[in-house]
There are 2 protein chains.
Amino acid sequence: MSNASRAALPGALTTSCAIACEACDLWAICRSQRPPASPGPGTRDRRASCAQRLPAAAYLFRAGRPARALYGVRQGTLKTVRISPDGEERVVAFHLPGDVVGLESLAAGRHSGDVIALEPSALCELPVARLQGWLTEMPELARSMLQLLSGAVTEAWNRPEHTRGAVWQRVEGFIGDLSVRLERRGLDGRHLWLSMSRTDIASYLDLRIETISRTLRQLREANRIHLRGRHLVLQ
Amino acid sequence: MSNASRAALPGALTTSCAIACEACDLWAICRSQRPPASPGPGTRDRRASCAQRLPAAAYLFRAGRPARALYGVRQGTLKTVRISPDGEERVVAFHLPGDVVGLESLAAGRHSGDVIALEPSALCELPVARLQGWLTEMPELARSMLQLLSGAVTEAWNRPEHTRGAVWQRVEGFIGDLSVRLERRGLDGRHLWLSMSRTDIASYLDLRIETISRTLRQLREANRIHLRGRHLVLQ
DNA sequence: CGAGTTTTTGATCGAGGTCAAAGTTTGTGG
DNA sequence: CCACAAACTTTGACCTCGATCAAAAACTCG
């Protein structure tokens, strides 16, 4: 019975939980905007302008548009897609709660890829203009920014590891990476909801969707994972 | 006759040329250290402490060591090598004249990989401690640093494109990337000296050296390149 | 010049791609 | 709430491209 199978996957949610501001990488930056010393009535703590909500499949921004802001993912998942010179669409990154989106656009001032929500998502928006102002007022903020960007470089260098070696290693590495990143944010890293399609995973790992499907089955048959549809449990 | 063949490759040098300070990515940072207003005798312009010279195969630094400085490549070529969790050694980047090495270590404070000279090389060294001081004295420097790091993220995101798609595309993309990067520094992008071994290229592109060798031959037979040993000319 | 390394070439094999089709889930409108 | 269409996923059969194993050739450097 289908419901019984579902029940065997405790904790697997259809959407990621929202995370606290303190668990977000953008927190190091946006905490700098201190609230007024004695907040009068009607004054709210605007340090985080967490207004943006995106339904599934909505674009956060598109390649080529001016980069106006950094975004912190508070809830949900997104993907960055680039069009390669030969017209192929490639998924180059998945963004989980707590990740910062838009760092790579600071230099060029334009976004280099499309960012699309994979499920209903919520994001904090930190306008670049405001960031510039803060940088001159608070030199110590530069440290945080450098930290953030340097970490982004390190992570970007780690990614190619996922597109190397045998296929089962790539797939398992991909799953493990999601798991580790979720746990680092205080979320459950063992019960995953794969908000991205098999096609997205295949594009990211440079494989075919049939290969993804077959490899996931092999991992399941080897009892490394428990899988049903997009619910996944690490064993 | 061998010498005649060599002569058919005009401009291909056995080592890269040195580049001017102004063409180096580190220049935006180290120019900030202004020389004294009226330099007396014996005072030299120390804005760039360009002391480091490395013979071929020498280590600039090793994984795990504390990251003490940023390095600007003035001459030569280097590679960054990482040991993957399963003990495999992988080339994750090649560094050409004008590139900055060490950015990815700022966050962790430790180097995440070995950096090794592929030919006799010269580097400028900018101690992180001095950088920290400058950042507090000159807030406008933060802009340059952010620019630099954001660019590094963008480039790191571009790299995976080289390990995707058909083999001849990867190899041609790799060569084209070297070419474009050299030209951006004002060097000759059509006549390349491949200072890295076929093994290094294979590791970087996640292929076998036999495949690299065969693919280069195919590109040569298709008249896309002129190749002899490590001398390469784009057509 | 000669030993050791790097690169090239050949023959064979298998992992992953391709093509085709069935099965499952999701979303929409009645 | 159900029915149905569309999209996504799984499975099977076959084949190609790059890996592997082996050996010769070319290059490096003392």
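Which helix gives the most residues to the surface near DNA strand D? The views below address this question in a predicted model, in which local features need pLDDT of at least 70, side-chain atom pairs count only at pLDDT 80 or more, and totals for chains, interfaces and linings use all residues. Residues are numbered from 1 along each chain as its sequence is written, chains are lettered from A in the order in which they are written, and side-chain values use heavy atoms, without hydrogens and water.

**Figure 1. The surface near DNA strand D.** A residue is near a strand if one of its heavy atoms lies within 4 Å of it. Helix 7 of chain A gives the most to this surface, with four residues; helices are DSSP runs (H or I, at least four residues), numbered from the N terminus. Among the 15 residues around strand D, those that come nearest include A:Arg198 and A:Arg217.

**Figure 2. Phosphate contacts of DNA strand D.** The pairs shown are polar contacts (N or O atoms within 3.5 Å). A backbone N or O atom of A:Arg198 is 2.9 Å from a phosphate oxygen of strand D. For A:Arg217, a side-chain N or O atom lies 2.9 Å from a phosphate oxygen of this strand.

**Figure 3. Contacts of DNA strand C.** The side chain of A:Glu210 places an N or O atom 3.0 Å from a base nitrogen of strand C. An N or O atom in the side chain of B:Arg214 also lies 3.0 Å from a base nitrogen of strand C. Helix 7 of chain B supplies the largest share of the surface near strand C, four residues.

How values were computed:
Polar contact = N/O pair within 3.5 Å; in protein donor to acceptor, adjacent residues only side chain to side chain. Helix = DSSP H or I, 4+ residues; strand = E, 2+ residues; numbered from the N terminus.
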